[in-house]
Amino acid sequence: MTDYGHELLFGAFLTPDARQPEQVVARARFCEQVGLDLVTFQDHPYQPGFLDTWTLMSYLAAATSRIRLAGNVLNLPLRQPVVLARSVASLDLLSGGRVELGLGTGAFWDAIEANGGRRLTPGQSVDALDEAIRILREVWAAERRGGVRVDGEHYRVVGAKRGPAPAHPVGIWVGAYKPRLLRLVGRTADGWLPSLSYLPQGPAGLADLTALVDEGAAAAGRDPAEVRRLLNISGRFAREGSGFLDGPPRQWVREVTDLVLTHGTSGFILGADDPTSLQVFAQEVAPAVRELVAAERSGAAGPGPAGSTVQAGPGPAGSTAEAGPGEGGSVGRSDGPAGAQPREVVRAGGVAGLAVTPTAAPQIRHSDHRLWDESTRPVAPSAPAGHVYSARAQAAGAHLVDVHDHLRRELSEIRDLLDQVRRGVVSAGDARGVLNRLTLRQNNWTLGAYCAAYCTLVTQHHGLEDDAIFPHLRRADPGLVPVIDRLEQEHVVIHEVVEGVDRALVALIGDPARLTGLQQAVDVLTDTLLSHLSYEEQNIVEPLARYGFYPGQL
């Protein structure tokens, strides 16, 4: 067993679809909001159906605040090394040290040549990569005297000026599969980034390949642990397991943990564009894997990955790796927002009556604005008398409340922080340290950026309901149609309120003293959102426990 001890990274491999650029940006922001560490994009400059990877990364660096960005992997034959080095360093400086460099030798040589690149043999492409990595490191070594000089067969640099240096030690992660290139990774790179789907033997083939990386490192006098091992993965979250990374989240947890402890893999990048898969990976799989690996490394592990019963603590949506939405297991709730009702716990089998209590309507209002008449809200039909709810059904009903609890907790944190800034207890700058301790764990967010991201989270939650959950409930129970119509109308109102918060944020950025407008906008958001969340729970938690979030879930 080999564990190189690196901090674990969990990321996404998104499709840079040029037909839907706004969706690509939204998915990348979503990856940040659900807690992933990294978002990556393939790089095929000859493919007109894709957004240019470097342009996309540059745009996203300004559109995000915490998540790291990387090509997966950048096409070296079409990206000149000196220019690439300065591009990487510049974006790393502008983003606060959030750029990593995934780098590849090139593969589709007809397309590369058609777009102005040179056709190379496999051996030549390895040599070219070796030279390019030397150039990259020389350009970044801004503290050294003299110019960059690399007299290579494929790249020749004669006295280029050094710099700028990146904001942090950028990792050069190389996609590699053949022995010579794997040894090069061990000799010169910071990370190895293959795709699991390209390994003929699957996970079983990792041992022999990583040994070649280790061999190259040892030959260069390096500690093999200096080279991070990452892996592009794909799979399916399903109720029952039917293959590697094809099954419930708890199966993924066991299998990913085994990759860490057996093969030393410390970075896992999920190839998926589906928001649900990305959220489960971020909030159910990643925390549980981190917990198991930390326990193993500390020598405090219980049963190993193959039979582990360790559960992750609640993530931002309150889910756990052992019993995610749509699976069996316990249904419960940790400490929630003030005024919320405790949920009962159901372990197995089924019970008559729903053991999930929707959150009561808020008793305190913060604003005089009333954007709808609550007395006109339709009410859902009564639940069937004596209906028996399985543990899986109870989990489905509880999951909506858990998601709402997350929104309520974060809203409470925002209100408290705004109050502290308003009273002068902390400045907007000092608030950054407080924000670092919040659930979403953003590292370098300003007060305004945090609020903006929260508003985006609310909008995306409503979008998911409108696009997927509500149509399913309409078909399942026509009696719910008036309620769903009203919920969708309220979503539109809340979206307008969110835009009001955005406008107040713009004013705050222009003049930090203008906090009153933002406070008023957040007060209106608080009243409308808390009222809406309670109404929604009162009317669709029970139907969700009967019909699920999607056909076939229960």
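Biologist: How do you know where the charged end of arginine 229 sits?

Modeller: The charged end of arginine 229 is 4.2 Å from the centre of the ring of tyrosine 4, and it sits over that ring. A charge sits over a ring if NZ of Lys or CZ of Arg is within 6 Å of the ring centre and within 35 degrees of the ring normal. Before we go on, this is a predicted model, in which local features need pLDDT of at least 70 and side-chain atom pairs count only at pLDDT 80 or more, while totals for chains, interfaces and linings use all residues. Residues are numbered from 1 along each chain as its sequence is written, and side-chain values use heavy atoms, leaving out hydrogens and water.

Biologist: Good to know. What makes phenylalanine 10 and phenylalanine 268 a pair, and of which kind?

Modeller: A search of the whole structure finds six aromatic pairs. In this one the ring centres are 5.8 Å apart and the planes are at 25°, so the pair is stacked. The rule takes rings of Phe, Tyr and Trp (its six-membered ring) whose centres lie within 6.5 Å; planes under 30 degrees apart are stacked, over 60 edge-to-face, and the rest tilted.

Biologist: Which parts of the chain does that pair tie together?

Modeller: Phenylalanine 10 is in strand 1 (residues 9-14) and phenylalanine 268 in strand 13 (residues 265-271), so the pair links parts 258 residues apart in sequence. Strands and helices here are DSSP runs, numbered from the N terminus: at least two residues of E for a strand, at least four of H or I for a helix.

Biologist: Why is phenylalanine 10 called buried or exposed?

Modeller: Its relative accessibility is 1%, so phenylalanine 10 counts as buried. The cut-offs are under 20% relative accessible area for buried and over 50% for exposed, with partly exposed in between (1.4 Å probe, protein chains only). Phenylalanine 268, at 0%, is buried too.

Biologist: And what makes the pair of tryptophan 252 and phenylalanine 281 stacked or edge-to-face?

Modeller: Their ring centres are 6.3 Å apart and their planes at 70°, so this pair is edge-to-face. Tryptophan 252 belongs to helix 8 (residues 249-263) and phenylalanine 281 to helix 9 (residues 275-298), so parts 29 residues apart in sequence are tied together. Both tryptophan 252 and phenylalanine 281 are buried. Together with Phe237, the four rings we have discussed, Phe10, Trp252, Phe268 and Phe281, form one aromatic cluster.

Biologist: What else is in helix 8?

Modeller: Threonine 257, for one, is in helix 8. At 0% relative accessibility, threonine 257 is buried. Its C-alpha is 9.6 Å from that of glutamate 291, although the two are 34 residues apart along the chain.

Biologist: Where is the kink in helix 9, and how do you know?

Modeller: The kink, about 35°, lies at valine 285, shortly before proline 287. The bend at a residue is the angle between axes fitted to the seven residues ending there and the seven starting there. End to end, helix 9 has 24 residues and reaches 33 Å from its first C-alpha to its last, close to the 34 Å expected at 1.5 Å a residue. That expected span is 1.5 Å times one less than the number of residues. Glycine 299, with a positive phi near 80°, follows helix 9.

Biologist: What about helix 14: how many of its residues are buried?

Modeller: Of the 33 residues in helix 14, 27 are buried, and the helix is mostly covered. Helix 14 (residues 515-547) reaches 45 Å, close to the expected 48 Å. A kink of about 45° lies at isoleucine 540, shortly before proline 543.

Biologist: Why is the peptide bond from glycine 163 to proline 164 called cis or trans?

Modeller: Omega is near 0°, and that bond is cis. The bond from asparagine 72 to valine 73 is also cis, with omega near -5°. Most peptide bonds are trans.

Biologist: What makes the phi of leucine 245 stand out?

Modeller: Phi of leucine 245 is near 50°, a positive value in a residue other than glycine. Most residues other than glycine have a negative phi. Leucine 245 sits in the loop between strand 11 (236-237) and strand 12 (246-247), and with 0% relative accessibility it counts as buried.

Biologist: And glutamate 143, buried or exposed?

Modeller: Exposed, with a relative accessible area of 64%. Glutamate 143 is in the loop between helix 5 and strand 6 (148-151).
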